[in-house]
Amino acid sequence: MGAANFNLNRIVAAFAAIVTFSLPALAEETRLDGLFDQLAQAEAGEARKIAAEIELELARSGSPAMDLLLRRGEDAIELGDMAEAIAHLSAAIDHAPDFAEAWHLRSVAFYRQERYGLALHDIERALALEPRHFNAIYGLGVLLDELGQPDLARDAFSRALAIHPHHEDVTKARDNVARELGGADL
């Protein structure tokens, strides 16, 4: 029961972070802001290109060394070596704690190890740093569904689609959760 309460508290906190940090920022518009604005309005083909540009921007920490650690972590995930991925991504996070993509990718590695509490913590941090990170929000939805919270998962998927309306994986996941909840395809 204690672990279930802990997970539910973390789930609620993560979802609150999405809502809270999704409010428009008062900072000046950056290239990334412009890309997110374009993404919300783009047709499917153009959206894929814009999303790829956003993903490239998110993978840039401002430090070649941290970017290298991120790439090594990503490569380790692709090779299925989650321990190696976590080591590289943890090093990046230690040296660049505001690097949202490092937090996001480490959450993926933790998820694949079925270390859901750690994955949820890292998703929370990634979203606190970049609340429009549609892949992190998608990851949150997947994790929420895995933890038996399909209503919250559907909400996370819907939030990701509000940012990236043509994200195919998110659309499929949202539709699967809708069927799981007994609703029609959206």
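A pocket, as I use the word today, is an open set of grid points with protein on both sides within 12 Å along at least five of seven lines, and its lining residues are those with an atom within 4 Å of a point. With that in hand, let me turn to the structure, which is a predicted model.

The largest pocket has a volume of about 580 Å³, and 26 residues line it, with E101, H104, L105, V108 and N135 lying nearest its centre. Which helix gives the largest share of that lining? It is α6, which contributes 7 residues, while α3 (44-58), α4 (64-79), α6 (100-112) and α8 each supply at least two.

Helix α8 deserves a closer look, since N135, one of the residues nearest the centre of the pocket, is also among the buried residues of this helix. The helix runs over residues 134-146, and its 13 residues reach 18 Å from the first C-alpha to the last, close to the 18 Å expected at 1.5 Å a residue. Its buried residues are F134, N135, A136, I137, L140, G141, L143 and L144, and the helix is followed by G148, whose phi is positive, near 80 degrees.

From F134 we can move to the largest nonpolar core, which has 50 residues, and in which L39, I54, I77 and F134 touch the most other members. Helix α9 (residues 150-163) provides the largest share of this core, namely 7 residues. As a general remark, nonpolar side chains in soluble globular proteins tend to be buried together. Leaving out residues up to four places away in sequence, L39 touches A47, I50, A51, I54, F134, I163, H164 and P165.

Is F36, in helix α2 (residues 31-41), buried or exposed? F36 counts as buried because its relative accessibility is 5%, and the cut-off for that term is under 20%. Beyond its neighbours within four places in sequence, F36 is in contact with I54, E130, R132, F134 and I163. F36 and A51, although 15 residues apart in sequence, are 8.2 Å apart in space, C-alpha to C-alpha.

Finally, a word on confidence. The protein chain averages a pLDDT of 88, and 82% of the residues score at least 70. Over residues 20-28, however, the pLDDT is below 50, and this stretch has 7 contacts in the model beyond near neighbours in sequence. Where pLDDT is low, the predicted coordinates should not be read in detail.

Notes. Residues numbered from 1 in each chain as written. Heavy atoms only, no water. Helix = DSSP H or I, 4+ residues; strand = E, 2+ residues; numbered from the N terminus. Expected span 1.5 Å × (residues − 1). Buried < 20%, exposed > 50% of the residue type's maximum accessible area, 1.4 Å probe, protein only. Contact = heavy atoms within 4.5 Å. Core = buried A, V, L, I, M, F, W, Y, C linked by side-chain atoms within 4.5 Å. pLDDT = per-residue confidence, 0-100. 1 Å grid on protein atoms, 1.4 Å probe; cavity = no way out; pocket = protein on both sides within 12 Å on 5 of 7 lines; lining within 4 Å. Points joined across faces, edges and corners; volume = space filled by probe spheres on them.
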